[in-house]
Amino acid sequence: MRNSRRLAFAIWASVLLFLAIPAAHAQHELPLVGHIGGVCYAVALSGNYAFIGEGPKLRVVDISDPTNLTETGSCTTTGIVNAVFVSGSYAYTANYHAGLRVVDISDPSSPTEVGFLYDSSGPATDVCVSGNHAYVADG
């Protein structure tokens, strides 16, 4: 889920960068306010948390103070996390050849994988959830 925080998340040189966005949309150099290292392909926001796919891990980062990012928990999944979608108490990840993974994030300090679907026709590259259905881009 996206929120209206004045933050942008950019992936560059395999490092997730946290940048502050100026209030005006004038051209300004964006100041770096923090970063999480590693190969990052995915990020989703929900409340005060960023859910970051870093290699096979889903990291939960408290972003309530962007100058003091705090990892509150993580869950190692199978495959590489290519996309993350958060809905309610669950994070859904598209993990390329490891398919769709479902992670319970009701306790951000202890995210736990609770389900998966390997049987897709190709590599899972993106995921979106609406109601009781998950839609996976694969192939």
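In which loop is Ile105 found? In this predicted model, Ile105 lies in the loop between strand 10 (100–104) and strand 11. The surroundings of that loop are described below, after the overall make-up of the chain.

The protein contains 13 strands and zero helices, so that each element in the succession from the N terminus is β, with strands taken as DSSP runs of E of at least two residues. Of the 139 residues in the protein, 37% are buried. The accessible surface amounts to about 7,500 Å², and carbon and sulfur atoms contribute 53% of that area. Among contacts with a separation of 6 or more, 34% are made by residues 24 or more positions apart.

Strands 8, 9, 10 and 11 form an open sheet of four strands, in the order 8-9-10-11 and with antiparallel pairing. Strand 8 (83–87) and strand 11 (112–117) are the edge strands, each of them paired on one side only. On average, neighbouring strands of this sheet are turned by 25 degrees against each other, direction ignored. Strands of a sheet pair through backbone hydrogen bonds, in either a parallel or an antiparallel manner. Between strand 8 and strand 9 (residues 90–94), which run antiparallel, there are five bridges. One residue pair in this register is Ala83 with its bridge partner Ala94 in strand 9.

Ile105 has a relative accessibility of 8% and therefore counts as buried, the cut-off being under 20%. Beyond its neighbours within four places in sequence, Ile105 is in contact with Phe51, Val86, Gly88, Ser89, Tyr90, Ala91 and Pro111. Of these partners, Val86 falls within the range of strand 8 (83–87), while Tyr90 and Ala91 fall within that of strand 9 (residues 90–94). Tyr92 is 13 residues away from Ile105 in sequence, and the C-alpha to C-alpha distance between the two is 10.0 Å.

The structure holds zero disulfides. Two cysteines, Cys40 and Cys128, were examined for accessibility. Cys40 has a relative accessible area of 2% and is therefore buried. Cys128, in contrast, has a relative accessible area of 37%; because this value lies between the limits of 20% and 50%, Cys128 is classed as partly exposed.

Terms used:
Residues numbered from 1 in each chain as written. Predicted model: local features only at pLDDT ≥ 70, side-chain atom pairs only at ≥ 80, totals over all residues. Heavy atoms only, no water. Pairing = 2+ DSSP bridges. Axes fitted to C-alpha atoms, helices over the stretch in contact; angles between N-to-C directions. Disulfide = S-S within 2.5 Å. Buried < 20%, exposed > 50% of the residue type's maximum accessible area, 1.4 Å probe, protein only. Contact = heavy atoms within 4.5 Å. Areas by Shrake-Rupley, 256 points an atom, 1.4 Å probe, with all protein chains shown as cover.
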